[in-house]
Amino acid sequence: MTAIRTARERAREELTREIKQEARRQLASEGAQRLSLRSVARELGMASSAIYRYFPSRDELLTALIVDAYTDLADTADAALAAAPAAPRARWRALCTAVRDWTHAHPHEYALVYGTPVPGYRAPQETVGPAARLPLALIAVAGEGRADAGAPPPPPAPAGPLGEQLSRLRAELAPGLPEAVLARAAIAWTQLFGMIGFELFGHLVGSFDPADAFFAHAVEEMADLVGLPAEG
């Protein structure tokens, strides 16, 4: 009985992978707004009623694709950090470069999670953890820079509503990081993805295209912003 159940589980996992692969293909050709379970089932030769046993709604399929994209991106970043030299600036550079490389290899997944929201779709709580992994990795590298003996003193903490937000986030995410540095890490995070979005969606054509040199310069500027020591 156990062997039969295991075979069924393997078959279900394989068909789930095929459904998501076809959904990604349709994301690339049609866009997230036009993704439908019926069209995926039709391309796979499934009865439209059968696919609902795997994904009860289009939104659940979208959620699975979103979680996969965030997870794959974060895994790629983690692998780059594991292979990077120990110096915080070198690790920052490796992390940012890995993110850009992943987005070039997966532009449609990038657009799904960082592009225009899909009308009518509301991301559930289960996407929050995978989405947080990458910014937390950036924050962690910024924290490594603060532990370096060559790190400059932190700037004054922002006041007012931003200061209150930073105080809460610091307590939740990075207790050892000065609030002003946390703010700068958040600026770098949004700068990184804004810059990548400009590149992927053609906004740098005619100016910084190809964007390799511009990206490399911006990564170093962001490292300066968060206070990472220069490499010796």
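This report describes the fold, one helix pair, the nonpolar core and several individual residues of a predicted model.

## Overall architecture

The chain of this predicted model contains 10 helices and 0 strands, so that its pattern, when read along the sequence, is α-α-α-α-α-α-α-α-α-α. Along the principal axes, the C-alpha trace spans about 65 × 50 × 40 Å.

Of the 232 residues in the chain, 39% are buried. Among the contacts with a separation of 6 or more, 71% are accounted for by residues that lie 24 or more positions apart.

## The pairing of α5 with α9

Helix α5, which covers residues 88-105, packs against helix α9, which covers residues 179-200, at an angle of about 35°, and the axes of the two helices are 11 Å apart. The crossing in which α5 passes α9 is right-handed.

On the α5 side, the residues that meet α9 are W92, C96, V99, R100, T103 and H104, while α9 contributes A188, L192, F193, I196, E199 and L200. Sorted by class, this contact of α5 with α9 consists of 8 nonpolar, 2 polar and 2 charged residues.

## The largest nonpolar core

The largest nonpolar core holds 57 residues, and the members that touch the most other members are L61, W92, L95, L112 and L192. Helix α4, spanning residues 58-83, gives the most to this core, with 10 residues. Two of the residues named for the core, W92 and L192, also appear in the contact of α5 with α9.

Once neighbours within four places in sequence are left aside, L61 is in contact with I19, K20, A23, L35, L37, V40 and F55. This list includes a lysine, K20, whose own surroundings are described next.

## A buried lysine beside L61

K20 is found in helix α1, which runs over residues 2-30. Is K20 buried or exposed? Its relative accessibility is 16%, and because residues under 20% are classed as buried, K20 counts as buried.

The side chain of K20 makes a polar contact with the side chain of D68, at 2.8 Å. Leaving aside neighbours within four places in sequence, the contacts of K20 are with F55, L61, A64, L65 and D68, so D68 is listed as a contact of K20 together with L61. F55 is in contact with K20 and is also in contact with L61.

## Two buried positions in α7

Helix α7, residues 128-147, contains G145, and P135 has its place in α7 as well. G145 is buried, with a relative accessible area of 0%, and P135 is buried with a relative accessible area of 13%.

Each of these positions can be related to a residue elsewhere in the sequence. G145 and A230 are 85 residues apart in sequence, and their C-alpha atoms are 9.9 Å apart in space. For P135 and A188, the separation is 53 residues in sequence and 9.6 Å in space, again from C-alpha to C-alpha; A188 is one of the α9 residues that meet α5.

## A cis peptide bond before P210

The peptide bond that leads from D209 to P210 is cis, with omega near 5°. P210 is found in the loop between α9 and α10, the latter helix comprising residues 212-225.

Conventions
Residues are numbered from 1 along each chain as its sequence is written. This is a predicted model: local features need pLDDT of at least 70, side-chain atom pairs count only at pLDDT 80 or more; totals for chains, interfaces and linings use all residues. Side-chain values use heavy atoms; hydrogens and water are left out. Axes are lines fitted to C-alpha atoms, for helices over the stretch in contact, and angles run from 0 to 180 degrees between N-to-C directions. Helices (H or I, at least four residues) and strands (E, at least two) are DSSP runs, numbered from the N terminus. A crossing is left-handed if the near helix is turned anticlockwise from the far one by less than a right angle, and right-handed if clockwise. Contact means heavy atoms within 4.5 Å. Ala, Val, Leu, Ile, Met, Phe, Trp, Tyr, Cys and Pro count as nonpolar, Asp, Glu, Lys and Arg as charged, and the others, Gly among them, as polar. A nonpolar core is a set of buried Ala, Val, Leu, Ile, Met, Phe, Trp, Tyr and Cys residues joined through side-chain atoms within 4.5 Å. Buried means under 20% relative accessible area, exposed over 50%, partly exposed in between (1.4 Å probe, protein chains only). A polar contact is a pair of N or O atoms within 3.5 Å; within protein, one must be able to donate a hydrogen and the other to accept it, and residues adjacent in sequence count only if both atoms are side-chain atoms.
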